[in-house]
Each structure stands twice: as structure tokens, then as C-alpha cells.
Amino acid sequence: LSAVTRDTTKLTVTHTKPNGEQYSTDIPLKVKYIVGIAVSHRPSKLTYKVGEKLSLAGTKISVVYNDTSNEFIEDYVTTPVAGEVLSQDNSNIVFSYLKNGQTYTVSQAINIKVVESLSITNIPKLSYYEGERLDLTDLAVQANLTMVAV
């Protein structure tokens with residue numbers, strides 16, 4: 001018996017009589033096959049600061065079939081991987097699924113914030129006598145973030 005492929009549309013059954021005469025009939029077949037994968041539930045966190053680790057919490061990936069049905073899968077891989085420290089070069093997560101020698105991929109955009117500038121929101125003591133220790137107790141700095149343009 002041969003393997004069923006997406007091009008298989010029927011099963012032909014043949015009977016041969018002792019005199020060599022043949023009768024055959026076709027039985028239609030419906031073959032279900034993967035046409036892609038989809039992000040069914042986006043990750044809970046889509047905005048990160050440079051240096052934060054990627055979290056895939058809440059993510060659900062589905063296989064999509066030619067008949068429009070789908071099912072959740074768990075044996076996919078991602079780039080970057082969960083827990084990887086993100087840089088300003090990260091703009092999406094690529095989900096990949098390998099089945100029957102075929103790789104299916106889908107991407108999910110993420111937002112990366114980088115420090116654009118610093119602002120001093122509380123100025124520390126600025127006048128000292130020579131030999132006095134520097135006192136930065138009152139210093140407060142604010143990082144002003146911006147999204148990385150993709």
C-alpha cells in the first residue's frame with residue numbers, strides 16, 4: 001500500500017474475474033493536510049525594554065489545515081527562545097513547526113523600548129569642600145524610553 005498524499009483524491013477498488021474481465025469502482029477520499037500555522041493567542045507581553053527576557057506566557061500556536069480546521073500544538077520552536085535577553089534588533093518572534101519534512105513559520109511582532117535620553121529629576125548636593133565625601137543620596141534620574149523603529 002502506498003502513502004496517501006494531498007493529491008490523492010480517490011481509492012480505486014478492482015476485481016478481476018477468472019476469465020480476466022475486470023470491474024472497478026472509485027471511492028472518493030478527503031485528505032486533510034497542513035497549510036500553515038497561526039498565532040491563535042498572542043504572548044501576554046509584547047512590549048519590552050532592551051535587556052529584558054522574552055516571555056511566551058499566554059502563547060497558543062495552531063496548525064491550520066486545508067479544510068480550515070485547526071488544532072493547538074506545543075512542539076514548535078521560537079527565535080528568539082523563551083528567556084533570551086532581547087536587544088534593540090529584536091522586532092518579532094518567529095514560530096516554526098516541522099512536520100513530515102516541511103517547516104511552517106509564522107511571526108509575531110514585538111515592541112522594544114530603548115533609552116533615548118536621561119533626565120535628572122532631583123539634583124543632589126553640588127557644593128563640597130575639598131576632602132569631603134561625594135553625597136549622591138538625593139540624586140534621582142529618569143530614563144526616557146522610545147520604541148525602536150522597525
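**Ring contacts, core and a three-stranded sheet**

The charged end of K32 sits over the ring of Y65, at 4.7 Å from the ring centre. A similar arrangement is found for K60, whose charged end sits over the ring of F72, 5.5 Å from its centre. These values, like those below, come from a predicted model.

Turning to rings that meet other rings, the structure holds one aromatic pair. Its partners are Y76 and F95, with ring centres 5.7 Å apart and planes at 70°, so the pair is edge-to-face. Y76 belongs to the loop between β6 (70–73) and β7 (77–79), while F95 is part of strand β8, so the pair ties together parts that are 19 residues apart in sequence. Both Y76 and F95 are buried.

F95 also leads on to the nonpolar interior. The largest nonpolar core has 19 residues, and those touching the most other members are I37, V63, I73, F95 and Y97. Two or more residues of this core come from each of β3 (34–41), β5 (60–65), β8 (92–99) and β9 (102–109). Leaving aside residues up to four places away in sequence, I73 touches I37, I61, V63 and Y97.

A further feature to look for is an open sheet of three strands, arranged in the order β4-β10-β11 with mixed pairing. Its edge strands, β4 (47–49) and β11 (140–147), each pair on one side only. On average, neighbouring strands of this sheet are turned by 40° against each other, direction ignored. Strand β10 (residues 111–122) pairs with β11 in the antiparallel sense over eight bridges, and V115 stands opposite L145 in β11.

Technical notes:
Residues are numbered from 1 along each chain as its sequence is written. This is a predicted model: local features need pLDDT of at least 70, side-chain atom pairs count only at pLDDT 80 or more; totals for chains, interfaces and linings use all residues. Side-chain values use heavy atoms; hydrogens and water are left out. A nonpolar core is a set of buried Ala, Val, Leu, Ile, Met, Phe, Trp, Tyr and Cys residues joined through side-chain atoms within 4.5 Å. Buried means under 20% relative accessible area, exposed over 50%, partly exposed in between (1.4 Å probe, protein chains only). Helices (H or I, at least four residues) and strands (E, at least two) are DSSP runs, numbered from the N terminus. Contact means heavy atoms within 4.5 Å. Rings of Phe, Tyr and Trp (its six-membered ring) pair if their centres lie within 6.5 Å; planes under 30 degrees apart count as stacked, over 60 as edge-to-face and the rest as tilted. A charge sits over a ring if NZ of Lys or CZ of Arg is within 6 Å of the ring centre and within 35 degrees of the ring normal. Two strands pair if DSSP finds at least two bridges between them. Axes are lines fitted to C-alpha atoms, for helices over the stretch in contact, and angles run from 0 to 180 degrees between N-to-C directions.
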